Amino acid sequence: MTERTGGGGENEGLASALRRFPAQAAEITALAERNENFRAICDDLACLDKALACVDELAQDIREDRRREFLALADELAMEVEKVLRRAKVVPFTTRGRLI
C-alpha cells in the first residue's frame, strides 16, 4: 500500500500519525527518525487518509463499502502505531551489565 517516491511523502506519513496521536508527538517523531518499519506504517496511514479524502468521488454503489474498508484499515494501522509506541517505552532491565 505504501508508495515510496522520495518526494516528501515521508512528511505526510509523519503528519498522519501526529494528527492521530498529538499527545505523543515527541515519541512519534523520534521513532520515525530511527525506525523504517514505523515510517512505513505512518506512510500507509497517509495513503489511507488520501483514499478517505477521495472516497466521495467513487461510484455511489461502492462508496460506503470502501469508506468502511478504509476506516477499518486506518483503525488497524492506528492500533499498530500504538503498539509500536508502547514497545518503544519498554526499558530492558539489566543485571551486572547483562540484559535480562
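A residue counts as buried here when its relative accessible area is under 20%. With that cut-off in hand, let's work through some exercises on this predicted model.

**Exercise 1. Describe the overall make-up of the protein chain, including how much of it is buried.**

*Solution.* Start with the secondary structure: the protein chain has 4 helices and 2 strands. Read from the N terminus, these elements follow the order α-α-α-α-β-β. Next, apply the cut-off: of the 100 residues in the protein chain, 25% are buried. Then turn to the surface, where about 7,000 Å² is exposed, with carbon and sulfur atoms supplying 52% of it. Finally, look at the contacts with a separation of 6 or more: 66% of them join residues 24 or more positions apart.

**Exercise 2. Check the end-to-end span of helix H4 against the expected value.**

*Solution.* Helix H4 covers residues 60–88, which makes 29 residues. The expected span is 1.5 Å times one less than the number of residues. For H4 this gives 42 Å, and because the end C-alpha atoms are 42 Å apart, the two agree. You can repeat the check on helix H3 (residues 36–54): its 19 residues reach 27 Å from first C-alpha to last, close to the 27 Å expected.

**Exercise 3. Find which residue caps the N-terminal end of H3.**

*Solution.* Look for a side-chain oxygen by the backbone nitrogen of asparagine 37; the one 3.0 Å away belongs to asparagine 35, which is the cap.

**Exercise 4. Decide whether serine 16 is buried or exposed, and list its surroundings.**

*Solution.* First place the residue: serine 16 sits in helix H1 (residues 9–20). Its relative accessibility is 1%, so serine 16 counts as buried. Now look at its partners. The serine 16 side chain makes a polar contact of 3.1 Å with the side chain of arginine 19. Setting aside neighbours within four places in sequence, serine 16 is in contact with Cys42, Leu45, Ala46 and Asp49. Among these, Cys42, Leu45 and Ala46 are on the list of buried residues of H3.

**Exercise 5. Work out which elements build the largest nonpolar core.**

*Solution.* This core holds 19 residues, and Ile28, Phe38 and Val81 have the most contacts inside it. Two or more residues come from each of helix H2 (25–34), H3 and H4. H4 gives the most, with 7 residues. The buried residues of H4 are Phe70, Ala74, Leu77, Ala78, Val81, Val84 and Leu85. To finish, follow phenylalanine 38: beyond four places in sequence, this residue touches Ile28, Leu31, Ala32, Val81 and Val84.

Notes: Residues numbered from 1 in each chain as written. Predicted model: local features only at pLDDT ≥ 70, side-chain atom pairs only at ≥ 80, totals over all residues. Heavy atoms only, no water. Buried < 20%, exposed > 50% of the residue type's maximum accessible area, 1.4 Å probe, protein only. Polar contact = N/O pair within 3.5 Å; in protein donor to acceptor, adjacent residues only side chain to side chain. Contact = heavy atoms within 4.5 Å. Core = buried A, V, L, I, M, F, W, Y, C linked by side-chain atoms within 4.5 Å. Areas by Shrake-Rupley, 256 points an atom, 1.4 Å probe, with all protein chains shown as cover.
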